[in-house]
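Student: I'd like a close look at one part of this protein: the aromatic rings. Please walk me through how they pair up and where they sit.

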Amino acid sequence: WFRRRVYTAGEGEFWDLGEREASERLVLGEQWFQSNHWPLAGFVPPAWLMGPGAWKAVRRCRTLQYVTTFGAIHDLQASDSLQAPCVTFSTRKAWRRVASAVWASTAQSHCDAPLLRFALHPHDALYPRLRRAWQRRLERLLQDRLPVTKAQFVAQWRSTPVVTRNSRSGLAASALTRET
């Protein structure tokens, strides 16, 4: 309840959905993407939260290749997951914006993760200090990493031999996202 209502400001509605309602919403989303001629490969649940019913629905959805939660990317076809931290800022309160900018400029966490995801939200651009923090963080990371989309990553991850595709260590991702 706390994560769905307070921490995420009421954005975690997929946590409470049963399989049927989650399936209906996924179908509506697929139709929207099709009607706008946009490609669809994956799903990010609101606030990265999904309950058991929503997980059943996404696993049955043949259109989706992957789902991302806050800490991982989940390959639905291979039934495999890789820990993949997500860098995001909080902009709802002034103190959160300041803390986010400081964190982005000093944090070394996630630097060794083979796959690092960024969650940029439209309202992040409203704050010049956060924009600059994002830019500096990306500039530093792009010195020894290669940018890929999640769909590209999943396709390449699938083609990695099972022996090296270890979701615990992320060996499969290291060749994709870090330059050697």
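Tutor: Happy to! Let's start with Phe14, which counts as buried because its relative accessibility is 6% (buried is under 20% relative accessible area, exposed over 50%, partly exposed in between, with a 1.4 Å probe and protein chains only). The model is predicted, so local features need pLDDT of at least 70 and side-chain atom pairs pLDDT 80 or more, while totals for chains, interfaces and linings use all residues. Residues are numbered from 1 along each chain as its sequence is written, and side-chain values use heavy atoms, without hydrogens and water.

Now for a partner: Phe14 is in one of the 8 aromatic pairs counted here (rings of Phe, Tyr or Trp, using the six-membered ring of Trp, with centres within 6.5 Å; planes under 30 degrees apart are stacked, over 60 edge-to-face, the rest tilted). Phe14 pairs with Phe43 in a tilted arrangement, with 5.2 Å between the centres and 55 degrees between the planes. Phe14 belongs to the loop between helix H1 (2–7) and H2, and Phe43 to strand E1 (residues 42–43), so this pair ties together parts 29 residues apart in sequence (helices, H or I of at least four residues, and strands, E of at least two, are DSSP runs numbered from the N terminus). Like its partner, Phe43 is buried, because its relative accessibility is 14%.

Next, find Phe33 and Trp38: their rings meet edge-to-face, 5.9 Å centre to centre and with 75 degrees between the planes. Phe33 is partly exposed, since its relative accessible area is 25%. Add Trp32 to Phe33 and Trp38, and you have a cluster linked by ring pairs.
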